[in-house]
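Work through the exercises below with the sequence and the model side by side. Try each task before reading its solution.

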Amino acid sequence: MKHKIRSLTLEVTILLFIVFILAITTLVGFLDKYLMIPITVIILISIITGFFIDRIILVWLVTIVTFIGIAFVLNIGSQVNGIVKTLLLVIFPFFATMSSLIRIRILSRSTLINNRKLIMRKMEKKNLITKTPTQVSLT
């Protein structure tokens, strides 16, 4: 028997992304209640940059923000534990990259829909096998 491989649809990917965001903010709230709002702001900023900034600029922005974050985290010292430090460093690049990938999937999906509409219009106007106009296009 052949097994069909199921891929994640765009809607399921977006829902999983939202659930993951909520899980991280809840986890941070359990670790340190004062970091819940800054983490949420970092997540929102990374999603906005991922959706609206081009890929090459996004790579440079993520690199610069990560290095600035490393400098800040090293300056914090022993005021927060290692899990929170790692979370602060990883959260911006991860969510910016994920939102950029979702944006690419949305754009490729709209391109496929537009291409399908174009093909259907051509099929209505011309018989693709005999290369002659159809009856619909002649009327």
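The exercises go from the overall fold to single residues, and the model is a predicted one.

**Exercise 1. Fold content**

Task: State how many helices and strands the protein chain has, and in what order the elements run.

Solution. Start with the count. The protein chain has five helices and zero strands. Next, read the elements from the N terminus on. The order is α-α-α-α-α. Finally, look at burial. The chain has 139 residues, and 22% of them count as buried. The cut-off for buried is under 20% relative accessible area.

**Exercise 2. A helix pair**

Task: Classify the packing of H1 against H2, and give the handedness of the crossing.

Solution. Locate the two helices. H1 covers residues 10–31, and H2 covers residues 36–52. Take the geometry next. The angle between them is about 155°, and their axes lie 8 Å apart. Angles over 145 degrees count as roughly antiparallel. Therefore H1 is roughly antiparallel to H2. Last comes the handedness. The crossing of H1 past H2 is right-handed.

**Exercise 3. A surface patch and its tryptophan**

Task: Find the residues of the nonpolar surface patch that includes Trp60, and decide whether Trp60 is buried or exposed.

Solution. List the members. They are Ile56, Ile57, Trp60, Ile64, Ile68 and Phe72. Together they offer about 680 Å² of accessible area. Now place the tryptophan. Trp60 sits in helix H3, residues 55–76. Then compare with the cut-off. Exposed means over 50% relative accessible area. Trp60 counts as exposed because its relative accessibility is 57%.

**Exercise 4. From H3 to H4**

Task: Assign Ala71 and Leu89 to their helices, class their exposure, and give their separation.

Solution. Begin with the helices. Ala71 belongs to H3. Leu89 belongs to H4. Turn to exposure. Ala71 has a relative accessible area of 43%, so Ala71 is partly exposed. Leu89 is at 24%, so Leu89 is partly exposed too. Now the distance. Ala71 and Leu89 lie 18 residues apart in sequence and 10.0 Å apart in space, C-alpha to C-alpha. Add a second partner for Leu89. Ile70 is 19 residues away along the chain, and the C-alpha atoms of Leu89 and Ile70 are separated by 6.6 Å.

**Exercise 5. Pairs far apart in sequence**

Task: For Ile83 and Ile14, give the helix, the exposure class and the C-alpha distance to Val28 and Ser99, respectively.

Solution. Take Ile83 to begin with. Ile83 is in helix H4, which spans residues 82–125. Its relative accessibility is 54%, so Ile83 counts as exposed. Ile83 and Val28 are 55 residues apart in sequence, with 9.7 Å between their C-alpha atoms.

Move on to Ile14. Ile14 is part of helix H1. Its relative accessibility is 30%, so Ile14 counts as partly exposed. Ile14 and Ser99 are 85 residues apart in sequence, yet their C-alpha atoms are 9.1 Å apart in space.

Notes. Residues numbered from 1 in each chain as written. Predicted model: local features only at pLDDT ≥ 70, side-chain atom pairs only at ≥ 80, totals over all residues. Heavy atoms only, no water. Patch = residues over 30% accessible without salt bridge, like charges linked within 9 Å, V, L, I, M, F, W, Y side chains within 5 Å. Areas by Shrake-Rupley, 256 points an atom, 1.4 Å probe, with all protein chains shown as cover. Salt bridge = Lys/Arg side-chain N within 4 Å of Asp/Glu carboxyl O. Helix = DSSP H or I, 4+ residues; strand = E, 2+ residues; numbered from the N terminus. Buried < 20%, exposed > 50% of the residue type's maximum accessible area, 1.4 Å probe, protein only. Axes fitted to C-alpha atoms, helices over the stretch in contact; angles between N-to-C directions. Parallel < 35°, antiparallel > 145°, perpendicular 65-115°, else oblique. Left-handed = near helix turned anticlockwise from the far one by under 90°.
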